[in-house]
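Trainee: I have a structure open and would like to talk it through. Could we begin with the charged pairs and then turn to the metal site?
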Amino acid sequence: MSDDSTAWPLESRSGLPGTIAYLRDTYPAPTWRAHRNFGELAAFWLQVHASLRDQGNQLQQITQAFREGTLEANAFQQAFVPRFNQFLQHLEGHHQIEDSAYFPKFRALDPRMQHGFDLLESDHHLIHGAVLTSLDAARQLVTALPRGGSAVEAAREGYSDATERLIQLLARHLADEEDLVIPALLQHGERSVG
Ligand SMILES: [Fe+2]
Ligand SMILES: [Fe+2]
């Protein structure tokens, strides 16, 4: 197996191999919250991820309601713009803190962490590209709204495709990151990265 983080690209993987998530079998997800080392940081990490998933779901529901005609253009714009901006800011801010503050500490816990956290950091770059594509498509959609008709339909489908891809990449990344971060916190204790 290659040691290169590009060997497990976010777009095509269906989880991390046991060689990278080497603590996953020792700390299976259903047992996390009952473990004596499960603390505030692990709980906060999972809560942030749950809230990012929820924000993504809400955006997809709003777009679906607009497509089905349950929301008309003005109501869609009012619901969509602030939620979309909050989602992207939350996501980008979370990844910046991980890259700068937390991932270096996890890498320092054990040399075997290096590969996994390099991979998560390369996920962040790919997701950032998907964020920019989705943002551009969202701007085109909002610009098209006053014109109505087929201009809106085309822009909405462009936005939907871009954001669907972003949310799929994010879902895979969040799950894989949890498989690395939470077992590491349980193994080494939260003070090791606090
Ligand atoms: Fe991340
Ligand atoms: Fe994260």
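Mentor: We may begin with a definition: a salt bridge is a side-chain nitrogen of Lys or Arg within 4 Å of a carboxyl oxygen of Asp or Glu. Please bear in mind that this is a predicted model.

Trainee: How many salt bridges does the count come to by this rule?
Mentor: The count comes to eleven salt bridges.

Trainee: Which side chain meets E11 in a salt bridge?
Mentor: That of R165, with an N to O distance of 2.6 Å. The pair links distant parts of the chain, since E11 lies in the segment before α1 and R165 in helix α4, 154 residues apart.

Trainee: And what is the relative accessibility of R165?
Mentor: R165 has a relative accessibility of 35% and therefore counts as partly exposed.

Trainee: What about R112, which residue does it form a salt bridge with?
Mentor: R112 pairs with D110, and their closest N and O atoms are 3.0 Å apart. R112 is exposed at 51% relative accessible area, whereas D110 counts as buried at 13%.

Trainee: How far apart, N to O, are E157 and R156 in their salt bridge?
Mentor: The distance is 3.4 Å. E157 counts as partly exposed, with 31% relative accessibility, while R156 is buried at 10%. Elsewhere, salt bridges that share partners join R13, D123, R172 and D176 into one network.

Trainee: Changing topic to the metal: which residues are the protein donors of the iron ion (ligand 2)?
Mentor: H49 and H94 each donate through NE2, and E98 and E177 each donate through OE. These donors lie 2.0 to 2.1 Å from the iron ion (ligand 2).

Trainee: What angles occur among the four donor atoms?
Mentor: The angles run from 76 to 148°. The site is irregular, because a tetrahedral assignment needs all angles between 85 and 135 degrees, and a square planar one needs opposite donors over 155 degrees apart.

Trainee: What spacing do the donors follow along the chain?
Mentor: The spacing is H-x44-H-x3-E-x78-E. Within that set, H49 in helix α1 (residues 40-68) and E177 in helix α4 (residues 149-188) are 128 residues apart and link distant parts of the chain.

Trainee: Are those two buried or exposed?
Mentor: H49 is buried, with a relative accessible area of 0%. E177 is likewise buried, with a value of 0%.

Trainee: Which residue bridges the iron ion (ligand 2) and the iron ion (ligand 1)?
Mentor: E98 bridges them, and the two ions lie 3.4 Å apart.

Notes. Residues are numbered from 1 along each chain as its sequence is written. Chains are lettered from A and ligands numbered from 1 in the order in which they are written. This is a predicted model: local features need pLDDT of at least 70, side-chain atom pairs count only at pLDDT 80 or more; totals for chains, interfaces and linings use all residues. Side-chain values use heavy atoms; hydrogens and water are left out. Donors are N, O and S atoms within 2.8 Å of the metal (3.2 Å for Na, K and Ca); water is not among the atoms, so sites may look incomplete. Four donors count as tetrahedral if all angles lie between 85 and 135 degrees; four count as square planar and six as octahedral if opposite donors are over 155 degrees apart and all others between 65 and 115; anything else is irregular. Helices (H or I, at least four residues) and strands (E, at least two) are DSSP runs, numbered from the N terminus. Buried means under 20% relative accessible area, exposed over 50%, partly exposed in between (1.4 Å probe, protein chains only).
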